[in-house]
Amino acid sequence: MSEQNIPYEETDLYRIRHSSAHVMAEAVLEQFPEAKLAIGPPIEDGFYYDFDLGKDDNDKPITFSEEDLEKIEAKMKQLLKKNAPFEHSSMSIAEAEQFFADQPYKIELIEDLAAGRLDENGNPTTEPANEVSIYKQRDFVDLCRGPHVKFTKQVKANAVKLLRTGGAYWRGDEHKPQLQRIYGTAWHNRVELEQYLERLEEAKARDHRRLGKDLGLFHISPLVGAGLPLWLPKGTVLRMQLEDFLRQAQTARGYLPVITPHIGKLDLYITSGHYPYYKDSQYTPIELDDDKFLLKPMNCPHHIEIYKSQPHSYRDLPLRLAEFGTVYRYEQSGELNGLTRVRGFTVDDSHLFVTPEQLEDEFIAVVDLIQYVFETMGFHDFRARLGVNDSDSDKYAGTPEMWAQGIKAIKQAADKAGLNYVVEEGEAAFYGPKLDFIFRDVLKREWQLGTVQVDFLLPERFDLEYTAVDGQKHRPIMIHRAPFGSMERFVGILIEHFNGAFPLWLAPVQVTVVPIADRHNAYAYEVADKLKQAGMRVEVDASSDRMNKKIRNAQLQKIPYMLVVGDREAADGTVAVRTRANEDRGDMALSVFIEQATTLVETKSMDL
RNA sequence: GCCGAUGUAGCUCAAUUGGCAGAGCAAUGCUCUUGUAAAGCAUAGGUUAUGGGUUCAAAUCCCAUCAUCGGCUCCA
C-alpha cells in the first residue's frame with residue numbers, strides 16, 4: 001500500500017477511523033440524546049468514543065448494553081450510507097463555549113485549549129488558542145482538529161464494526177468520572193475488515209491461557225489465589241530450560257548465584273525506600289511478636305545485604321549476584337491476566353555492584369547479554385526504550401544529580417553499544433532510569449521484557465562501600481537487570497509467540513513414540529530408553545488408541561516429533577519420523593535420528 | 001480498585017416463558033491389533049462457583065462473596 005511510509009495521522013485509514021468515531025457519536029446521540037461527549041480519537045486498528053450517559057434512578061451510571069451496541073452499529077451504517085459532507089470550520093473560544101454549553105467535557109477541552117494547557121488529546125500545547133476547530137456532518141457538530149474524509153460515504157459501511165464497550169476514566173484519571181467507551185474498527189473495505197477480524201480470531205486461538213490449559217503448562221486455582229499460577233510439570237520443564245540456559249550464560253559471564261528468602265523485615269524495605277512506593281501494591285505485612293515481615297516485592301535489598309555481609313575491595317568488583325527470585329505484589333484484581341500479569345512472579349534478577357570506572361563496560365555487557373538471550377529465543381523484532389523520570393512527578397527518589405548521572409551513563413553505554421532507543425518520560429524505576437527492551441511478537445503486539453537499570457540511590461541508602469586503590473572508602477554503583485523480566489510473563493509471551501509449538505530445545509515433550517499395535521510396545525519403550533539416554537524428553541503412547549488417534553493427539557499437543565514404530569521398524573532398528581509440521585520423513589536408523597535431534601537441541605535451533 | 005459481562009461433568013457447550021440437569025470429547029472397562037490428524041460397544045462422572053433470599057417449585061428471579069473475561073487505571 002502507498003500509505004506505508006507516511007505517519008498514521010496522515011493516512012486515509014486515520015481519516016476513515018476518525019470519521020467513523022464522529023458518525024458513531026452521531027448514532028449514539030440519536031439513541032441517547034442526553035449523552036455527553038468526551039473524546040473520540042482514532043487508535044491503532046480502529047477508534048473509540050467516550051460518552052457520559054448520566055445516572056439512572058438508583059444513581060448508577062447508565063451503560064451501553066450489547067443490544068445498544070448492535071442498534072448503534074446499525075444506525076451508524078445507515079448514517080454512513082446516507083451521504084453527508086464533513087464540513088470544517090472554526091469558532092471563537094466564546095462562540096464555542098456557548099455552542100457547547102451543555103457539553104461539560106467539551107467545555108473543559110475548550111478551556112484547556114484557550115489557556116494553552118492541553119490539546120484535545122491531553123498533550124501539552126505551547127500557545128493559547130484564540131479559536132477552535134470544529135467539524136460538522138448533518139446536525140452533528142464536534143470540537144475536533146480533524147482531519148476527516150470528505151463525505152460519510154467514504155467510510156464503507158461494510159468495513160466498519162463496533163467491537164466492545166467498557167468503562168474509561170475521563171482523561172485516564174481514576175479520580176475523575178468514569179465514562180462509557182465504545183471501541184470500533186474501520187478499514188478501507190470489507191476484505192480488510194474481515195482480515196482484521198481473522199487476526200483477532202488468530203490471537204484468541206493462541207491465547208496463552210487457552211494453550212496453557214490445553215498443553216498442560218500451568219493452572220491457576222482460586223483456592224490458591226488469583227494471580228498465583230501453579231506450574232504443571234510440562235510448564236516447569238519449559239521454564240527450567242529457560243532458566244538453565246540463562247544460568248549458563250550468566251556463569252560464563254562471571255555472575256555468582258545466590259538464594260534469598262521470600263520474606264524480609266519491613267525495616268529492610270523502609271531502608272531501601274521500596275515500602276512507600278510499593279505500599280499500595282503490597283501484601284500486608286505479617287506481624288509476629290514485635291516484628292513485621294513483608295513478602296518481598298523486590299530482590300534488591302536482599303542482594304544488597306549479601307554485598308554488605310563482608311567488606312569489599314575494588315579488586316572484588318564488579319560483583320554480579322544473580323538469582324531467580326520470586327517476588328509478590330498485590331496487583332489490582334482487574335489487572336490479573338494469565339501468566340502475563342500475576343501477583344507472585346519470578347524475576348531473573350541480578351544486581352551488579354560496580355565502580356564508576358566499570359559502569360559503562362558492565363552496562364554494555366548487560367545489554368549484550370540481553371540481546372544474546374533475545375536472539376537465542378528467536379526474538380529478532382525488538383526495540384529499546386530509555387525510561388527517565390518525569391520532571392514534575394514526586395514518585396521518584398534521589399537527587400537530580402543522581403538522575404542526570406544515571407541517564408548520562410545509560411546514554412553513553414547505549415550509544416557505544418550502537419543501540420537505538422527512544423527516550424520516554426515517566427517510565428523510570430523510582431530509584432533510577434532504566435533501559436527496557438520491548439519485543440514485538442509475531443502478531444505485532446509489543447511486550448516489555450528485559451530491563452537494565454542504573455542505580456546510585458540504593459548504594460547511598462544502604463551506605464554501601466568498597467575500598468579503592470587510594471585506600472579510601474568509595475560508593476559503588478548498582479546495576480539492576482533482568483533479561484526475561486519475569487519468568488511468568490516471559491513464558492506467557494513465549495507460548496503466544498510460538499503458538500505453543502516450541503522450538504525443540506524448549507518443548508516439554510520432544511518426542512512421542514507411537515507403536516502401531518500392542519506387539520510393538522516393547523520396541524517403542526526400547527526406542528524411548530535410547531532417546532532418554534541421549535537426553536531427550538520422550539513419551540510412549542501405549543494407549544489402546546488407533547495409530548491415527550495417537551498421531552492426532554501428539555499433533556494437538558504440538559509435540560515436535562512422532563516416531564511411528566511397527567513391524568518394519570522393530571525388525572530393522574529404525575523409526576518412521578513424522579514432524580508436527582505434518583512432514584513424513586520415512587524410516588531412518590534410530591541412531592541417525594538421535595544424532596540429528598540432539599544437534600538441534602544443542603544449537604537451540606528453531607528448525608525441526 | 002472502578003464499569004460491564006459471565007460462571008452447568010476434567011474440556012467445549014445444551015436445558016421453551018421458573019417445572020425430573022443433557023450431549024460430544026476426555027476418563028474407566030471390554031472387543032478390535034491397527035502404517036501417518038478421531039475404531040466400536042458399555043460404564044462412571046453434577047449440592048448447576050460459594051453463601052443467603054423469593055417461590056408449591058430455582059441452573060433459571062433477587063442480594064452478597066469469590067473467580068474469570070472485556071475495558072479503564074497501574075505494571076515485570
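In the predicted model, a phosphate oxygen of RNA strand B lies 2.7 Å from a side-chain N or O atom of arginine 209. A second phosphate oxygen contact involves serine 333, where the separation from a polar side-chain atom is 2.4 Å. The bases are also approached: an N or O atom in the side chain of arginine 552 is 2.8 Å from a base nitrogen of RNA strand B. Polar contacts are pairs of N or O atoms within 3.5 Å; within protein, one must be able to donate a hydrogen and the other to accept it, and residues adjacent in sequence count only if both atoms are side-chain atoms.

Elements that give two or more residues to the surface near RNA strand B include strand 7 (160-169), helix 6 (208-214) and helix 16 (547-556). Helices (H or I, at least four residues) and strands (E, at least two) are DSSP runs, numbered from the N terminus. Helix 16 contributes the most, with seven residues.

Around RNA strand B there are 55 residues, of which Tyr169, Gln178, Ser333, Glu335 and Lys549 come nearest. Sugar and phosphate make up 48% of the strand B atoms that come within 4 Å of the protein. A residue is counted as near when one of its heavy atoms lies within 4 Å of the strand.

Residues are numbered from 1 along each chain as its sequence is written, and chains are lettered from A and ligands numbered from 1 in the order in which they are written. Local features in this predicted model need pLDDT of at least 70, side-chain atom pairs count only at pLDDT 80 or more, and totals for chains, interfaces and linings use all residues, while side-chain values use heavy atoms, with hydrogens and water left out.
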